[in-house]
Amino acid sequence: MFDCSAATTATPGHIGCLCHGPEIRYIAERVKLRFSRRDFMTGIAAAATGVGLGTTASAQLQPPPPATARPILFTNIRLFDGTSPTLREGARVLVEGNRIKSVEDGGAEAPEEAMTIDGAGGVLMPGLIDAHTHLTFSSVPLAVALTADPNYLALRSARTAGDYLMQGFTSARDAGGPVFALQRAIDDGTIVGPRIWPAGAMISQTSGHGDFRTRHDLPRQDGDQLHFSERSGAAAIADGVDEVLRRTREQLFLGASHIKVMAGGGVTSDHDPLDSSQYTEAELRAAVDAAAGWNTYVTVHAYTPKAIRLAIAAGVRCIEHGHLADEDTARLMAEKGIWWSLQPFLDDEDAAPFPEGSPQRFSQMQVISGTDTAYELAKKHGIRTAFGTDTLFSERIAARQGAQLAKLTRWHAPAAVLRMATADNAELLALSGPRSPYTGKLGVIEADALADLLVVGGDPLADMSLIADRNNLKLIMKDGQIYKNTL
């Protein structure tokens, strides 16, 4: 507050160091009482989340002001309610607190104290939902994810979370990683980000898709220290029914809303061929039973028909990826009411950059070759389909969530795409039942739904590319609080 260096020796007529005077001490105590720890942490988080994002993003990532006690009325908007194939003209939407109070025709009266927001003819729609993301790992290189100080990864994930929200994604289903602290910091207002449904550590067998150990880490002996990926909460290596039960229950202990199990080979890992199926039916069933005891569900990473069918036999509720599924497997998914969490993996600018000739690139191209067929089978058999990005290890690609959503017009009409990323994804989130971190309906604009809303400048049902550019998002609201407003 004051420089005391010049006042250490009193001279005639000198009153001494000002910061030790009674008046200053009184003021300092009053400031200290009002400068709470939460305010301090919020300021620190705002500085951290703004680093490196550029002037515009940094300004947008400042913590929001306290929620206004005044109702908010949206006027002069066209409404996409999350389910209808067309826009509703002339509606006015009233928000009170963190809920939608009413959706009425234009002539409805609003409370006198309401703050009115003129939507300038834009489209009011529910906040977007990413049903398969990894907030800790989406924007850092794999080598960094495996070697960095966990505190550094936490700071990076805070920045990533703020960026997700500024792309219009107000909710995220995290499909594996250490995000429990991130979720808590967002929910208590310390930092800015989407609602998070966390899976916690990914459950993997030895040499499974979640096993990132090197050859010299084996053989693993009883009592050996856990690998860094396990200690950090990224993965949990479990072999046999008893270990799977333990690791699953640990994630539920920590607050998992659902459980993620690796049931087949993948692209990014080194020790599991893409065509491999992982875990026995008994091991998968152990995870399913543990989750069911907590009234939630298991989703699995799987690409091949064999891995998918084994997981379904064990009682899982959702398949992540599944790009190599065949007709019979798709039919089984439809019959059993299984959710299919698909991603638009194509050989384009959003493909993970693996070296040509590498095993990862070979597996990647196998997956990409099945993308068109997977979406076509999902449509043909009426399988409940979710949208997710599953971006890993690339800050550039992580900043293109909206662009990846817009790609779905390759297989679906724009209205169906937006429904998938709002109302349909919200139904998938609801599978968590009482383990859901949030109470209330999402993905729709209707009375008593949670007030997660976007205003888009233009009509995304006519031009989905509007969603690809965050500058077209004129307003972003989450839980009744406005995080961006350029109207």
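Strands β8 (residues 128-133) and β9 (residues 169-174) run parallel and are joined by four bridges. The model is predicted. Beyond this pair, the briefing covers an open sheet of six strands, the residue L453 in strand β18, and the contact of helices α10 and α11.

**The β8-β9 pair**

- β8 is mostly covered, with six of its six residues buried.
- I129 has S171 of β9 as its bridge partner.
- The parallel link between β8 and β9 rests on four bridges.

**The six-stranded sheet**

- The strand order is β3-β2-β7-β18-β19-β20.
- The sheet is open, and its pairing is mixed.
- β3 (88-89) and β20 (481-485) are the edge strands.
- Each edge strand has a single partner, so one side of each lacks a neighbour in the sheet.
- Within the sheet, β2 (residues 78-79) pairs with β7 (residues 123-126).
- Two bridges join β2 and β7, in the parallel sense.
- R78 takes V123 in β7 as its bridge partner.
- As a general point, side chains in a regular strand alternate between the two faces of the sheet.

**L453 in strand β18**

- L453 lies in β18, which spans residues 453-456.
- Its relative accessibility is 0%; the cut-off for buried is under 20%, so L453 counts as buried.
- Leaving aside neighbours within four places in sequence, the contacts of L453 include F74, V95 and I100.
- L453 is also in contact with L124, M125, P126 and G127.
- I445, L475, I476 and M477 are further contacts of L453.
- L475 is 22 residues from L453 along the chain, and their C-alpha atoms are 7.9 Å apart.

**The α10-α11 contact**

- Two packed helices are described by the angle and the distance between their axes.
- For α10 (residues 305-314) and α11 (residues 327-336), the axes come within 10 Å.
- These axes cross at roughly 20°.
- Angles under 35 degrees count as roughly parallel, and α10 and α11 are therefore roughly parallel to each other.
- The crossing of α10 past α11 is left-handed.
- α10 contributes P305, I308, R309 and I312 to the contact.
- From α11, the residues met are D328, T329, L332, M333 and K336.
- By class, the residues of this contact are five nonpolar, one polar and three charged.

Terms used
Residues numbered from 1 in each chain as written. Predicted model: local features only at pLDDT ≥ 70, side-chain atom pairs only at ≥ 80, totals over all residues. Heavy atoms only, no water. Buried < 20%, exposed > 50% of the residue type's maximum accessible area, 1.4 Å probe, protein only. Pairing = 2+ DSSP bridges. Axes fitted to C-alpha atoms, helices over the stretch in contact; angles between N-to-C directions. Parallel < 35°, antiparallel > 145°, perpendicular 65-115°, else oblique. Left-handed = near helix turned anticlockwise from the far one by under 90°. Contact = heavy atoms within 4.5 Å. Nonpolar A, V, L, I, M, F, W, Y, C, P; charged D, E, K, R; others polar.
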